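Grab your viewer and work through these exercises with the model open beside you. Each one sets a task and then walks through a solution.

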Amino acid sequence: MPEIRVTPLGAAEAGSTSHPPSCSGAGQDVGRSCILVSIGGKNVMLDCGMHMGFSDDRRFPDFSYITRNGRLTDFLDCVIISHFHLDHCGALPYFSEMVGYDGPIYMTQPTQAICPILLEDYRKIAVDKKGEANFFTSQMIKDCMKKVVAVHLHQTVQVDDELEIKAYYAGHVLGAAMFQIKVGSESVVYTGDYNMTPDRHLGAAWIDKCRPNLLITESTYATTIRDSKRCRERDFLKKVHETVERGGKVLIPVFALGRAQELCILLETFWERMDLKAPIYFSTGLTEKANHYYKLFIPWTNQKIRKTFVQRNMFEFKHIKAFDRAFADSPGPMVVFATPGMLHAGQSLQIFRKWAGSERNMVIMPGYCVQGTVGHKILSGQRKLEMEGRQVLEVKMQVEYMSFSAHADAKGIMQLVGQAEPENVLLVHGEAKKMEFLKQKIEQEFRVSCYMPANGETVTLSTSPSIPVGISLGLLKREMAQGLLPDAKKPRLLHGTLIMKDSNFRLVSSEQALKELGLSEHQLRFTCRVHLHDTRKEQETALRVYSHLKSVLKDHCVQHLPDGSVTVESILIQAAAHSEDPSTKVLLVSWTYQDEELGSYLTSLLKKGLPQAS
Amino acid sequence: MAAHLKKRVYEEFTKVVQQQQEEIATKKLRLTKPSKSAALHIDLCKATSPADALQYLLQFARKPVEAESVEGVVRILLEHYYKENDPSVRLKIASLLGLLSKTAGFSPDCIMDDAINILQNEKSHQVLAQLLDTLLAIGTKLPENQAIQMRLVDVACKHLTDTSHGVRNKCLQLLGNLGSLEKSVAKDTEGLAIRDVQKIIGDYFSDQDPRVRTAAIKAMLQLHERGLKLHQTIYNQACKLLSDDYEQVRSAAVQLIWVVSQLYPESIVPIPSSNEEIRLVDDAFGKICHMVSDGSWVVRVQAAKLLGSMEQVSSHFLEQTLDKKLMSDLRRKRTAHERAKELYSSGEFSSGRKWGDDAPKEEIDTGAVNLIESGACGAFVHGLEDEMYEVRIAAVEALCMLAQSSPSFAEKCLDFLVDMFNDEIEEVRLQSIHTMRKISNNITLREDQLDTVLAVLEDSSRDIREALHELLCCTNVSTKEGIHLALVELLKNLTKYPTDRDSIWKCLKFLGSRHPTLVLPLVPELLSTHPFFDTAEPDMDDPAYIAVLVLIFNAAKTCPTMPALFSDHTFRHYAYLRDSLSHLVPALRLPGRKLVSSAVSPNITPQEDPSHQFLQQSLERVYSLQHLDPQGTQELLEFTIRDLQRLGELQCELAGVADFSATYLRCQLLLIKALQEKLWNVAAPLYLKQSDLALAAAKQIMEETYKMEFMYSGVENKQVVIIHHMRLQAKALQLIVTARTTRGVDPLFGMCEKFLQEVDFFQRCFIADLPHLQDSFVDKLLDLMPRLMTAKPAEVVKILQTMLRQSTFLHLPLPEQIHKASATIIEPAGESDNPLRFTSGLVVALDVDATLEHVQDPQNTVKVQVLYPDGQAQMIHPKPADFRNPGPGRHRLITQVYLSHTAWTEPCQVEVRLLLAYNSSSRIPKSPWIEGGEMAPQVETSIEGTIPLSKSVKVYIMPKPARR
């Protein structure tokens, strides 16, 4: 039985199988994505993420799981990266250069462009700042990126003769894509992270009715239905506007890519609309570099930006300028986007410390903050913070929280499942408890089976792939001529011969098959004797049989031959006297294999006896 | 090589010509047929290859064919069709047959048999499809002939089983367009079984080709459009098509479902997988709502649009569309809207949001959460958040329509509309503001909503701001804080965009008159009066102060206690503003002052209205005095004109009628005066000077008649006749005066002839109205027409002169609704002392902003004229997109005019004004003769001209010499 196998890859501490699967995170884990899929004899690795929470070996997936011995290149046919977030591509250099993989790596062009910047940044923090050893080098990132093959949206890429992949728009971040992996008639769709509601710079995810055997979808917000985005945007803009108007400063800690650009666009258009004059700054470095790429990849953005970029590229900000350290002390209102997003270090923390003292100022946290960070503390209402060196910082500025997230919510996930119409659904990238709810909903509403494997756990789906069979035109036409037009609702019976030759199936008429195979035709005849109590002569019995059959079988051609035998189509009936009992006549019924249906009907008819002559 | 080829081409060509010569000799057809078909026949015979034939046919198709020769042409084409082997040529012929059968005045029933005949022998699918198309053209041409229709339907049914989708498509189209509506008719056409067209089309809903499925649905919709009542069973079939793989099928299916839901709104359908039943319209509504989150945006737009017109849906379902059950980690969460409402009702609005403020509340029963099939649930929430702005606009429009029919829904959708004010596309923002204005009768804005609405006042787009001002004009505000907030924001807007001044004042006028009781407590604060101290008198020229006063005075109109709060200078300012801005400041009943004019109470109908009666009486008086002595008549006319003009100024609703009648009377007066001239009594050559007066009068009458004809909206045909009649009289006058003052007869010949042509034209155009013109100038003129035609010019002039003197005064019937077109240029204001400086030879853009009232079709008629000091005049045609339509009868022109000139030494003023261009041919009713192909007289039809529409505004400009 052909089958599809899916395995979310476990963390690097594997080998110690003592960990219960639910603990090792994995498929049911927001931390990292790395999934192994076997389909139609091909092995594909989907995403190659790392876990941001660990700083030891556990941060990378356990690639030794894939092959116990032997090279990865021999085992894997290709690697697909859905988008540039590190939890989806962070382990790529480690995987390709340190573990060793030389096959193709597929990703979209924006991902290909932005991914190395993020990897390099990440490497710098890990090696230069934290001083970690045994980490990939800049050269490795470069070498790894050389193996990347860029794909366009909706472009069907033939990986080899049988395996093909196709990218769909996913909306999550610039260049995020969903991938359809197809071998023969079997297919799997992997969504990566996606967003079903458009935002200020990206459109909504979209997929056609591709009816895959399996849909692997993320489920970060499995149990959430979100409010309309507009309220959030409006609140955000109102807060910023009010603060700026009364002369205050607004600090927005963000991560370099993704939300930062969305908020920039939001503020930029608002400034433009309202004709505001207060300056907006964003931190130099990564964001600046990334903005450059955003300008280039206009086809990946939303309708508004695509339509207006001829007049003006929305990412060429008029009101947003690069930040300089000295600006933080200048008087007057301003808005600053600073990294990192959780206020735990770097520029955003520095500015925060400078501005926290004035109640006119405001800090807006646009995303989730990990426990222990300054961001988390102020969000939970703490007003006095202890900084290093026993300093106490009193926070007088206003603290606001705005959630801007780019994952599909439960409704969005259901919508995507509805669009793609898969036969099976597999949930990854979420918390087990929440996924349970979604699983139940999917099974209930779409009546498809749904899986949620733990890390290292393999899900095996048996598929019944349809096998195309070529039919000869002659045979088809002959069948057409016999009956009415084919009716979609009713199956039709068709006689023919199936020839299997070099994994090639053909349905031809039996004569042609015989000719092709050089065989002569054999005839198979059934004969049957029916004893009939009749005292009359054979001739008369035959005549009676003839008249009886003639009256019963109105649609068939019944003939009485001169030699005394009766034929019904090609079935021959002969009457003879019984050798022992002359009052019993023996009817010999003989038919070919092809007329089996009619023949057996005739015998059963004759066995009932003839009607009394009247 | 090329030369060789060319030679060969010529060789072949000549050869063909020779052949054709022989054939012509043998063909008898040519002699009997009209030239058109003969030419075609020759061409077709000439063609050696299919490509040639195709070329000839293409050439032939470029020229129209007269109705008489169509049949001949068709015969030729058919003959060639039988011989032709190439399908592409046959295809072209088939399409030509279709085109020809559409020719006006040709009855195509004679070619139907042939068309059906060739259809039966045709093998090519493409040609078949084209032939069916031709049959469709024939069938639609003969809607009365039931037998033919039955036959065509029969043909279509026969070919429905064709293997090509194109043929099936056309068959379905044919069925949809011609399928019989009543079955009873079928009785007399024996031999043809009665066919249930709906059933046949319905069977093709499950065709394997999506194009055929679409065509089947479209055919069904076509049946509906032709008035055939669709069966309810179609509903279920259509519902299945909603999950089709192809977007065009889904899109058409949505339409079909909508149609059925409108036909059977009240019938009951079961809900699958439960025992419940609901109304069909509700079920359909749920299904269409579901399509708002379809994968294809085309379908989404279609669905969102149709939602708006489903007014019978029950309110329960309707309100679901705005409800999206929020949850977070399986716990129920309130939407931001709900939170805002709660905060507001608990009295702690604008407390600022805290972390965890939106923390989810109660646990949700996992079984009860329905993630998709909740029907209408949240459809509009999705539609308004859609990626494509087309969908969002459609959703906003639908919201508008539904909210207009359901006040409770209007209340609910308010939050969502307010949210749309922040959309990224300006068009969507504008649309939602307009929508809000349309439903504002049903709603009262909460303070927090008002806050969001007012935030948009800072938008840099003028359209948005003005739309918002319009919205505020008709908004209900609930609290005095709301009014205050609105005023503060409007004043902020005023300081930021001073050009909005008029719009803001107008907005405050309505705001004040709608909410007098809410303004009352604010008055001391707004006027900054103090119980003990006198405060400084504000600057009277400050637009912001005027804005405040406009608000207060309008509120005071219905709030008699308010004036008590005013300080002395307020009363003085009132007096000033009442004079200078009388359209914004109402008359107030102030203590110690008499009300100047008592307003007419609105419940008097126009007939009882004394001013209307006055108008009628004065007009009747004029019309009754027809044969008085000229002196008396003149005086009476003068007085009446004066009265009417004054009446128009006082009563704005009668201004149109009064002006119109006054203009007419003035024409009459001018005519009488001209005829009283001494010049008539003296020998012509001696009084050259006086003749100027009469000529000037004739010219002025002409001008006035053009104004009457084109500047008033609501002028009907009976007025047009009178106006034209007056113009004819003026022309006669012109002719007479010219005849008397010119020597020699030669130029008179031309003039007389022209005049008689005009009389002729008048007769043709208004033949139906002639009986009403008893005893008039033209009536008598027409009586004498035969004599005039043959008479010498001198005699004609003589006759005209006596007739003009004898002519009676025609009664001008007043139209029901008449409004004078007017325009005001708001910008440039013409006040600036700083000249616009620009380098000579280059251009400077001048922003022109004007309001137009009662101008019909302003895109084509309104022009901008720029007059330079050197007499040079420039006419500028504004772009159609520069006109906006803020309300019925009103237009707004916002455009840029480019000025340029050679260098001047001093700054100087150019004049800018609006003109109304007219073209007399557009008004004159088309007579059948002109349509019949006869040449229309060129004299009248081509008169084009312009009428000044607005006062001119002076703009100070200074083209500087270019620096080298």
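Which residues touch the most other members of the largest nonpolar core?

**Exercise 1. Find the centre of that core and look at its surroundings.**

Step 1. First, some housekeeping: this is a predicted model, where local features need pLDDT of at least 70, side-chain atom pairs count only at pLDDT 80 or more, and totals for chains, interfaces and linings use all residues. Residues are numbered from 1 along each chain as its sequence is written, chains are lettered from A and ligands numbered from 1 in the order in which they are written, and side-chain values use heavy atoms, with hydrogens and water left out.

Step 2. The core has 178 residues, and B:L77, B:L135 and B:I201 touch the most other members. A nonpolar core here is a set of buried Ala, Val, Leu, Ile, Met, Phe, Trp, Tyr and Cys residues joined through side-chain atoms within 4.5 Å. Buried means under 20% relative accessible area, exposed over 50%, and partly exposed in between (1.4 Å probe, protein chains only).

Step 3. Helix α29 (residues 543–556) of chain B gives the largest share of this core, 11 residues. Helices (H or I, at least four residues) and strands (E, at least two) are DSSP runs, numbered from the N terminus.

Step 4. Now zoom in on B:I201: leaving out residues up to four places away in sequence, its contacts (heavy atoms within 4.5 Å) include B:L172, B:L175, B:A216 and B:L223.

Step 5. Another core, of 134 residues, lies apart from this one, and A:I117, A:A176, A:V335 and A:M362 are among its members.

**Exercise 2. Describe the setting of B:D207 and B:Y264.**

Step 1. B:D207 sits in the loop between α11 (197–203) and α12 (210–225) of chain B. Its relative accessibility is 10%, so B:D207 counts as buried.

Step 2. Its side chain reaches the backbone nitrogen of B:D209 at 2.8 Å. Beyond four places in sequence, B:D207 touches B:R168, B:V212 and B:R213.

Step 3. B:Y264 is in the loop between α14 (247–263) and β1 (268–270) of chain B. B:Y264 counts as buried because its relative accessible area is 18%.

Step 4. Check a distance too: B:Y264 and B:R279 are 15 residues apart in sequence and 9.0 Å apart in space, C-alpha to C-alpha.

**Exercise 3. Characterise the interface of chains A and B.**

Step 1. Chain B puts 59 residues into the contact and chain A puts in 53.

Step 2. About 4900 Å² is buried between the chains, with carbon and sulfur atoms giving 48% of that. Buried area is the accessible area (1.4 Å probe) that two parts lose on being put together, summed over both.

Step 3. The rule finds 8 salt bridges across the interface, each a side-chain nitrogen of Lys or Arg within 4 Å of a carboxyl oxygen of Asp or Glu. B:D419 and A:R234 meet in a salt bridge at 2.1 Å, N to O.

**Exercise 4. Track down unusual backbone geometry in chain A.**

Step 1. The peptide bond from A:T339 to A:P340 is cis, with omega near -10 degrees. A:P340 is in the loop between β15 (334–338) and α10 (346–355).

Step 2. A:D275 is not a glycine, yet has a positive phi of about 60 degrees. A:D275 counts as partly exposed, because its relative accessibility is 34%.

Step 3. A:H429 also has a positive phi of about 60 degrees without being a glycine. With a relative accessible area of 3%, A:H429 is buried.

Notes: A polar contact is a pair of N or O atoms within 3.5 Å; within protein, one must be able to donate a hydrogen and the other to accept it, and residues adjacent in sequence count only if both atoms are side-chain atoms.
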